[in-house]
Amino acid sequence: MSVSPIPFSKPYLSGREFQYMEQAVRSGKISGDGLFTRKCHAFFEQELGFQKALLTSSATDALEMAALLLDIQPGDEVLVPSYTFVSTANAFVLRGARIVFVDSTPENPNLDVAQLETLITPRTRAIVPVHYAGIACDMDVLLAVAARHNLAVVEDAAQAIDSFHRGRPLGTLGTLGAFSFHEAKNIIAGEGGLLTVNDPQLVRRAEIIREKGTDRAAFFRGEVDKYTWLEPGSSFLPSDLTAAFLWAQLESMTRIQQRRHVLWQRYDDVLRGPLAARQVGLPVIPGYATNNAHMYYLTCRSLAERTALIEHLARQQVLLVFHYLSLHRSPYYAPYHDDRALPWADYYTDHLVRLPLYYELAEADQDRIIDAILEFYAVWDKS
């Protein structure tokens with residue numbers, strides 16, 4: 001009997017996306033900063049507690065805005081985890097910065113805060129923690145290091161909507177924060193992002209940089225009688241059609257998150273016991289962090305095991321995927337890396353595999369995935 005393929009991810013429509021997009025079109029205002037952009041900003045600021053929220057076209061845009069806001073210059077150094085998406089480093093490379101890569105921890109792929117102090121030099125300007133799988137880095141230690149050395153902190157919270165560190169939303173702890181609403185995230189807009197500005201002194205410049213380097217936002221609020229070019233910037237704001245789609249998702253965020261938590265917990269309830277007994281790694285949630293159910297992953301015991309696991313599930317029409325490749329070994333940046341070994345970043349590159357997790361994943365399909373994984377290990381450990 002043939003079975004239906006189970007994808008790794010599937011975009012979820014909450015029900016009002018097209019209605020709101022049509023409303024935006026009929027309003028006659030579909031460029032940036034329209035009605036639905038304002039609704040989204042108000043939600044992030046009033047419901048989630050972000051001091052200043054600015055929608056962007058992507059999390060990549062938000063990170064590039066952060067680099068501009070911090071006035072990163074050629075030769076400045078920025079500390080970035082090696083195990084992350086290329087956008088985390090790219091935003092600062094585009095400003096001429098030298099990236100100093102930080103290794104991951106043995107417990108999870110987040111950067112190892114214990115290494116930060118040894119990597120700081122007089123040229124260091126910023127630390128960019130990535131909250132992998134929506135799980136907070138150890139921000140108490142990281143922020144203390146940043147404060148001692150007068151460094152900015154840019155939280156790459158691309159995966160971390162609705163996740164917290166000691167009760168505070170991720171994206172509000174650093175100088176700036178960046179979120180993603182890519183179709184594979186918990187809350188989506190196809191593409192889309194958000195910059196959070198936690199330093200009041202940067203708010204006006206953030207608006208200027210986001211609007212091509214002009215004070216156009218202030219003009220539309222009636223604060224100036226004309227707008228003009230004030231500093232370098234770009235067009236970072238999204239169409240209000242994107243914001244309309246996102247608004248429908250935000251209205252349903254509680255329901256979306258509840259479903260994802262149910263699915264994440266079903267994986268954990270069944271897999272943790274038998275796989276932990278085999279020394280297969282599973283997600284670790286530190287006591288200071290919450291879990292936003294963005295991702296459920298395993299860390300296999302070898303690259304060969306991971307490859308075989310992916311192939312075993314593929315034969316049963318289930319798509320498992322690995323994740324990042326260590327940036328310090330990338331063809332572009334390897335020549336610039338300082339030759340330090342980053343063993344845990346390389347470990348996750350070769351060992352980590354992600355399981356399907358999306359709103360419409362049926363429990364019967366999830367059981368297929370779980371059964372196939374347990375079947376694989378029953379055979380693999382005897383071979």
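In these legends, a helix is a DSSP run of H or I with at least four residues, and numbering starts from the N terminus. The model shown is predicted.

**View 1. Helix 3 and its surroundings.** Welcome to helix 3, which spans residues 59–69 and has nine of its 11 residues buried, so the rest of the structure largely encloses it. The buried residues are Ala59, Asp61, Ala62, Leu63, Met65, Ala66, Ala67, Leu68 and Leu69. They pack against three strands of the sheet, strand 5 (152–156), strand 8 (176–180) and strand 9, as well as strand 1, helix 4 (86–93) and helix 7 (203–210). At the N-terminal end, Ser58 acts as a cap, with a side-chain oxygen 3.4 Å from the backbone nitrogen of Thr60. Just past the helix comes Asp71, whose phi is positive, at about 55 degrees.

**View 2. Strand 1, covered on both faces.** Strand 1 runs over residues 53–56, and each of its two sides is covered. On one side sit Ala53 and Leu55, on the other Leu54 and Thr56, and all of these are buried. Its partner is strand 9 (residues 193–197), with which it pairs in the antiparallel sense over four bridges. To find one of them, look for Thr56 and its bridge partner Gly193 in strand 9.

**View 3. The seven-stranded sheet and the helices that pack on it.** Here is an open sheet with mixed pairing, whose seven strands follow the order 1-9-8-5-4-2-3. Strand 1 and strand 3 (98–102) form the edges, each pairing on one side only. From one strand to the next, the twist averages 25 degrees. Strand 8 and strand 9 run antiparallel, joined by five bridges, and Leu176 has Val197 of strand 9 as its bridge partner. Helix 3 packs on the sheet, where it touches strand 1, strand 5, strand 8 and strand 9, and its direction makes about 165 degrees with that of strand 8. Helix 7 also packs on the sheet, touching strand 1 and strand 9, with its direction at about 15 degrees to that of strand 1.

**View 4. Two nonpolar cores.** The largest nonpolar core holds 96 residues, and Phe44, Phe92 and Phe181 have the most contacts inside it. Leaving aside residues up to four places away in sequence, Phe92 touches Ala67, Ile72, Val78, Ala97, Ile99, Val128 and Val154. A second core, separate from this one, has 29 residues, including Trp264, Leu275, Leu282 and Ala308.

**View 5. Aromatic rings in pairs.** Taking rings as paired when their centres lie within 6.5 Å, the count comes to 24 aromatic pairs. One of interest here joins Phe43 and Trp247: the ring centres are 6.3 Å apart and the planes stand at 80 degrees, so the pair is edge-to-face. Phe43 belongs to helix 2 (residues 35–47) and Trp247 to helix 9 (residues 240–251), so the pair ties together parts that are 204 residues apart in sequence. Phe43 is buried at a relative accessible area of 15%, and Trp247 counts as buried at 14%. Elsewhere, ring pairs link a cluster made of Tyr83, Phe85, Tyr132, Tyr297, Tyr324, Trp344, Tyr347 and Tyr348.

**View 6. Helix 12 and its neighbours.** Helix 12 covers residues 343–351, and its buried residues are Ala345, Asp346, Tyr348, Thr349 and His351. These pack against strand 10 (297–299), helix 11 (303–315) and strand 11 (352–354).

Conventions:
Residues are numbered from 1 along each chain as its sequence is written. This is a predicted model: local features need pLDDT of at least 70, side-chain atom pairs count only at pLDDT 80 or more; totals for chains, interfaces and linings use all residues. Side-chain values use heavy atoms; hydrogens and water are left out. Buried means under 20% relative accessible area, exposed over 50%, partly exposed in between (1.4 Å probe, protein chains only). Two strands pair if DSSP finds at least two bridges between them. A nonpolar core is a set of buried Ala, Val, Leu, Ile, Met, Phe, Trp, Tyr and Cys residues joined through side-chain atoms within 4.5 Å. Contact means heavy atoms within 4.5 Å. A polar contact is a pair of N or O atoms within 3.5 Å; within protein, one must be able to donate a hydrogen and the other to accept it, and residues adjacent in sequence count only if both atoms are side-chain atoms. Axes are lines fitted to C-alpha atoms, for helices over the stretch in contact, and angles run from 0 to 180 degrees between N-to-C directions. Rings of Phe, Tyr and Trp (its six-membered ring) pair if their centres lie within 6.5 Å; planes under 30 degrees apart count as stacked, over 60 as edge-to-face and the rest as tilted.
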